[in-house]
Amino acid sequence: IEERDWSSDVCSSDLGWYAMEHLKLSDGEWKLMKTLWAGQPQTLAELVTALDADTGWSRATIFMMLKR
C-alpha cells in the first residue's frame, strides 16, 4: 500500500469547501491503517488478530487509535 499525502485533499461540508489540515500519523497509526485498508472491511477482532504478532497491541489500544 502506498503512503499518501493527505494535505492536498479537499472536502465538502455543510459549511462549504475547505482544505484539510495536514494529517500526521505516527508509525503505529500508519501500521493500523495499512492493515485495515489491506483487508477491508474488518472487525475490531480481526484487526487485533492481524496486528497481534507484530505489535502485541490490545483490543483497547487498537480501539483508541481508531477513535482518533
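## Lys31 and its salt bridge

Let's start with Lys31, which has a relative accessibility of 32% in this predicted model. Because buried means under 20% and exposed over 50%, Lys31 counts as partly exposed. Its partner is Asp54: the two residues form a salt bridge, with their closest N and O atoms 2.7 Å apart. This pair ties together distant parts of the chain, since Lys31 belongs to helix α1 and Asp54 to helix α2 (residues 44–55), 23 residues apart.

How exposed is Asp54? With 53% relative accessibility, Asp54 counts as exposed. Side chains of opposite charge can pair when their charged atoms come close. The count of salt bridges here comes to one.

## Thr35 on the same helix

Now move along to Thr35, which sits in helix α1 (residues 27–38). The Thr35 side chain reaches back to a residue you have already met: the backbone oxygen of Lys31 lies 2.8 Å away. Setting aside neighbours within four places in sequence, Thr35 touches Gln42, Leu47, Ala50 and Leu51.

## The chain as a whole

Stepping back, you will find three helices and two strands. Read from the N terminus, their order is β-β-α-α-α.

Of the chain's 68 residues, 19% count as buried. The accessible surface comes to about 5,300 Å², and carbon and sulfur atoms supply 53% of that area. Among contacts with a separation of 6 or more, 33% join residues 24 or more positions apart.

Conventions: Residues numbered from 1 in each chain as written. Predicted model: local features only at pLDDT ≥ 70, side-chain atom pairs only at ≥ 80, totals over all residues. Heavy atoms only, no water. Helix = DSSP H or I, 4+ residues; strand = E, 2+ residues; numbered from the N terminus. Buried < 20%, exposed > 50% of the residue type's maximum accessible area, 1.4 Å probe, protein only. Contact = heavy atoms within 4.5 Å. Areas by Shrake-Rupley, 256 points an atom, 1.4 Å probe, with all protein chains shown as cover. Polar contact = N/O pair within 3.5 Å; in protein donor to acceptor, adjacent residues only side chain to side chain. Salt bridge = Lys/Arg side-chain N within 4 Å of Asp/Glu carboxyl O.
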